[in-house]
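Take a look at the fold below. The text after it walks through the sheets, one helix and the cysteines.

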Amino acid sequence: MKMHYTLRQAVSPRETKTMDTTALRENFLIETVFQPDEIQLCYTQFDRYIAGGAMPVQDILTLATIPPLKAEYFLERREMGIINIGGAGTVTADGVAYELQYKEALYLGKGTKEVTFASNQADAPAKFYLNSAPAHQTYPSKKVTRAEAEVVELGSLETANKRTINKLLVAGVIQTCQLQMGMTELQTGSVWNTMPAHTHDRRMEVYLYFEVPTGQAVCHFMGEPQETRHIWMQNEQAVISPPWSIHAGAATSNYTFIWGMAGENLDYSDMDPCPITDLR
């Protein structure tokens with residue numbers, strides 16, 4: 001079987017604060033995102049968001065529907081964002097081929113019926129990171145290069161969070177229904193992301209951590225601001241962040257992460273900040 005999916009139920013803050021390490025990982029960590037010649041998906045009931053990966057090596061992979069969607073095809077009522085974090089590859093959508101280089105993005109609009117994934121070279125396979133959310137309107141599919149992204153520089157070396165935010169699939173760059181995606185790169189000597197931490201009750205989020213050096217790891221912080229928890233993560237793993245949760249991380253080295261989110265507001269700056277000294 002070329003496609004595999006898992007289903008995660010939404011859980012409340014009250015449930016979450018009683019969880020041990022194993023339960024936290026089972027509910028929020030997406031441990032396997034990429035497997036050779038497979039599509040791996042995780043469907044979460046938080047905003048009915050789907051995150052996963054397609055890693056074609058020898059085969060061309062076809063995006064098929066999955067039972068929870070009760071749909072004739074995957075994007076019948078959905079939109080999708082794709083960012084390639086591997087070798088060069090091609091996404092073909094309804095007969096149109098989009099070649100994606102490293103860290104380039106593609107948006108696929110609702111109603112796209114046939115989607116396939118292929119790598120240009122088997123010895124340097126593409127790794128297509130996929131995010132999908134329900135859509136109520138159809139917008140044109142479009143490739144977004146790094147040069148077309150909205151770029152913001154934040155943080156400082158003094159606070160170990162100097163970073164470059166690349167807004168790829170966001171309002172102002174491309175039109176979507178509710179899905180937004182981008183990529184944040186931590187500079188050498190910086191390890192903290194998204195600090196000061198924040199919540200946004202109007203949308204949920206998923207983080208994919210990558211470019212984590214061999215032998216290093218990321219500690220992802222989640223939970224209500226006064227009841228935080230942590231999950232240790234490895235390279236190319238993802239984590240689900242509920243609307244009520246902070247989402248911040250620190251690693252033993254600098255790294256890059258992709259953020260994807262969906263909800264009722266496309267305003268990137270719509271958030272409720274949590275002062276660092278108030279975190280518990």
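What follows moves from the sheets to helix 2 and then to the cysteines.

This is a predicted model, in which local features need pLDDT of at least 70, side-chain atom pairs count only at pLDDT 80 or more, and totals for chains, interfaces and linings use all residues. Residues are numbered from 1 along each chain as its sequence is written, and side-chain values use heavy atoms, with hydrogens and water left out.

Start with a sheet of 7 strands. It is open, its pairing is mixed, and its order is 1-3-4-11-6-9-12. Strand 1 (3-8) and strand 12 (142-144) are the edges, each pairing on one side only. From one strand to the next, the twist averages 15 degrees. Helices (H or I, at least four residues) and strands (E, at least two) are DSSP runs, numbered from the N terminus. Two strands pair if DSSP finds at least two bridges between them. Inside this sheet, strand 6 (residues 78-84) runs antiparallel to strand 11 (residues 128-134), joined by 7 bridges. Arg-78 has Pro-134 of strand 11 as its bridge partner.

Strands of a sheet pair through backbone hydrogen bonds, either parallel or antiparallel.

Now turn to an open sheet of 4 strands. Its order is 16-22-19-20, and the pairing is antiparallel. Its edges are strand 16 (192-193) and strand 20 (227-233), each paired on one side only. Strand 19 (residues 218-224) meets strand 20 through 7 antiparallel bridges. Glu-224 stands opposite Glu-227 of strand 20.

Helix 2 (residues 21-28) lies across strand 19 and strand 20, at about 75 degrees to strand 20. Such angles run from 0 to 180 degrees between N-to-C directions, with axes fitted to C-alpha atoms, for helices over the stretch in contact (heavy atoms within 4.5 Å). Which residues of helix 2 are buried? They are Ala-23, Leu-24 and Phe-28. Buried means under 20% relative accessible area, exposed over 50%, partly exposed in between (1.4 Å probe, protein chains only). These buried residues fall within an arc of 100 degrees seen down the helix axis, so they line one face of helix 2. The arc is taken from the directions from the helix axis to the C-beta atoms. Their packing partners include strand 1, strand 19 and strand 20. The face turned away from the buried side carries exposed Thr-21 and Glu-26.

Last come the cysteines. The structure holds 0 disulfides (pairs of cysteine sulfur atoms within 2.5 Å). For Cys-219, the nearest cysteine sulfur belongs to Cys-274, 17 Å away. Cys-219 is buried, at 7% relative accessibility. Cys-177 is buried too, at 9% relative accessible area.
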